[in-house]
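Reader: I should like to learn how the features of a structural model are read, taking one feature at a time. May we begin once the model is displayed?

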Amino acid sequence: MEPEKIAIDYDRVDVARIMEQIKEKTAAEAGGESPDSGAGVVPIAAIDFAAGQGKARRILLKIMSPFSPLIKLVTLPVHEELRRTILILDHTNRRLDELEKERQRLDRLQEYTKLLHHLCHNLVIELSKLKIEEETLKTKTRIMEKDFELLGKRERTLEKEALK
Amino acid sequence: MKLAFVVQRYGLEINGGAELHCRWVAEHMQKHAEVEVLTTRAVDYITWKDSFNRDRDEVNGVRVRRFPVTRPRDPERFGRIQEKLLRHEQRERDELRWLDEEGPRAPGLIQYIKDSQAATDFFLFFSYRYYHSYWGVKTVPGQSILVPTAERDPVVGLGIFRDLFRTPRAIIYNSVEEQKMINDVSGNQDVPAEVVGVGTEIPGRYSGEAFRLKHGLAGPYILYLGRVDENKGCRRLFEYFIRFKRESGSPVKLVLAGNTVMQVPSHPDIHYLGFMGDEEKFGALDGAELLVMPSFYESLSMVTLEAWALAKPVLANALCDVLKGQCRRSNGGLYYENYAEFREALSLLLTSPRLRRALGENGRRYFEANYAWDVIEGKYLSLLNRLEKGRAA
């Protein structure tokens, strides 16, 4: 614990700023404790290309300088970085595929919703037509009832006339 | 102006939560209006069993009218119903049944509200989640002011409460976080509202030194005030504190004061002192290095305000958005989400008296600017006058 590392302006204490620093510190510690946080990777500065002393060192460096990119490629864990990048890309691709599928699903849903809307609209129209037809039929029924009633009366009158 | 304060329990025996909040506001508003308190005869909040015998009473000069609870709560049955309610989707009928079971069921109180609405200007309902507030607000929506004192609790999302939060004439919130939560769950942005909170009563005499002597406490200590309960985050506090002691070797002690509903771990540096009166409680705060608030759910946290009133810094649980928000707005305390942050924040506070002083001073200024009684009274009066004008218009 080294709390003195946290910078505080005591005249204008800003809790949010202090907490940011605490969070950064704890995150860094958590990162340092992690097993794959680079413990197995040799830091660039630790590679001593300049082994030897004085003149011999300079000559060695001069001879090696055209090959230094190749040496770096071989000695540094570039393959690890490449592997991680590929993994990230793969993950991103998969996520994109999922999102694409989700987009297609949503498009389909949108189409279904439109169809449902049309269907509802048509149903309303059909129901209105049916209602009108029902009213027409009711009117026709009433007219026919009246005609039937009239015919009944006529029948009775004719029967009376025939019996006379 | 005549005001009726409606709350589930009321009395000097009840010294915490929304009930104390209501009592303090009622006592202070007596200077500005005719005040009456409408409540039940209950003292026990688990069963709501009638404890007070008299219908009418007077507490610190405030008239109190008590109504009987017609059916005490059966905690077991209520627990079952609540469990079912929260685990499955329910209809309004089931939610109302849950409300009935929760109580305190006092139909006489609701009838009295109905009968006295012409003679009363406003009814202030404290605690949204109980029978009296739900049915009371429904009975006199145009005259009701709701003080929800809501925490981030699953029942806040029930359908009946969404409706309740849209019904009153106005709402008085304890914090901006509470307002945001209720706005989010109910979409009641149109209801007139004010963020007010509550002040505190600091006794004239208290001494940290006397407290230390009485309890034989030498060396620095951090203080927890309130119910020692797992729901208040105490289990995690014990874990963190014991681990901190083991890792840091700090001489700090943890002092706890309040009722307990869980086992306090046996540790030489954890001192549980039981329930304390106001004078002793403020003495404990005065002697402490800081107040620790491990609670996950708070609507305001009166003890945090009390610590700031005494210029003491606070170390709060950041998972409670109200506490975190208060710490950031006041610059009066640090907060933690996990053990590493707890360790760093506590180490920083314990090793830097200058930081403790600066945070405490910020807290005191924040308290005076927002929670001094004249500020609280002013906010209540301003809202009441606004509503009165609106009614007249």
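Author: Chain B has 15 helices and 14 strands; helices (H or I, at least four residues) and strands (E, at least two) are DSSP runs, numbered from the N terminus. This is a predicted model, in which local features need pLDDT of at least 70 and side-chain atom pairs count only at pLDDT 80 or more, whereas totals for chains, interfaces and linings use all residues. Residues are numbered from 1 along each chain as its sequence is written, and chains are lettered from A and ligands numbered from 1 in the order in which they are written.

Reader: What percentage of the residues of chain B count as buried?

Author: A residue is buried if 20 or more other C-beta atoms lie within 10 Å of its own, exposed if 12 or fewer, and partly exposed in between, with C-beta atoms placed from the backbone. By that rule, 46% of the 393 residues of chain B are buried. A related quantity concerns contacts, where two residues are in contact if their C-beta atoms, placed from the backbone, lie within 7 Å. Among contacts in chain B between residues at least 6 apart in sequence, 67% join residues at least 24 apart.

Reader: How is one face of a helix recognised?

Author: An α-helix has 3.6 residues a turn, so residues three or four places apart point the same way. Consider helix H15 (residues 373–392) of chain B, whose buried residues are B:Ile376, B:Tyr380, B:Leu383 and B:Leu384. Viewed down the axis of H15(B), these buried residues fall within an arc of 95°, so they line one face of the helix; the arc is that of the directions from the helix axis to the C-beta atoms. On the face turned away from the buried side are the exposed residues B:Asp374, B:Ser382, B:Asn385, B:Lys389 and B:Ala392.

Reader: Against which elements do the buried residues of H15(B) pack, and what span should its 20 residues have?

Author: They pack against helix H1 (17–29), strand S5 (122–126), strand S7 (170–173) and strand S8 (193–195) of chain B. The expected span of a helix is 1.5 Å times one less than its number of residues. For the 20 residues of H15(B) this gives 28 Å, which agrees with the 28 Å between its end C-alpha atoms.

Reader: Which residues of helix H7 (residues 176–186) of chain B are buried?

Author: They are B:Glu177, B:Glu178, B:Gln179, B:Met181, B:Ile182 and B:Ser186. Their cover includes helix H6 (159–166), S7, S8 and H12 of chain B. After H7(B) comes B:Gly187, whose phi is positive, near 60°.

Reader: How is strand pairing read, and do S2(B) and S4(B) run parallel or antiparallel?

Author: Two strands pair if DSSP finds at least two bridges between them. Strand S2 (residues 34–40) and strand S4 (residues 62–67) of chain B run parallel and are joined by 5 bridges; B:Val37 has B:Val64 in S4(B) as its bridge partner. Strand S3 (residues 56–59) of chain B runs antiparallel to S4(B), with 4 bridges, and B:Val59 stands opposite B:Val62. S3(B) and S4(B) form a hairpin with 2 residues between them, and B:Asn60 in the turn has a positive phi of about 50°.

Reader: Where else should the backbone angles be inspected?

Author: One place is the loop between S5 and helix H5 (131–139) of chain B, which holds B:Ser127. Phi of B:Ser127 is near 70°, a positive value in a residue other than glycine. B:Ser127 is buried, with 22 other C-beta atoms within 10 Å. Another is B:Ala311, in the loop between helix H11 (302–309) and strand S13 (314–317) of chain B. Although B:Ala311 is not a glycine, its phi is positive, about 60°; with 19 C-beta neighbours inside 10 Å, B:Ala311 counts as partly exposed. The peptide bond joining B:Gly103 and B:Pro104 is cis, with omega about -10°, and B:Pro104 is found in the loop between helix H3 (92–102) and helix H4 (107–115) of chain B.

Reader: How many residues does each chain bring to the contact between chains A and B?

Author: The size of an interface is often given as the accessible area lost when the parts come together. Here residues are counted: 21 come from chain B and 17 from chain A. Helix H12 (321–330), strand S14 (333–336), helix H13 (339–351) and helix H14 (353–370) of chain B each supply at least two residues of the side that touches chain A. H13(B) gives the most to that side, with 8 residues.
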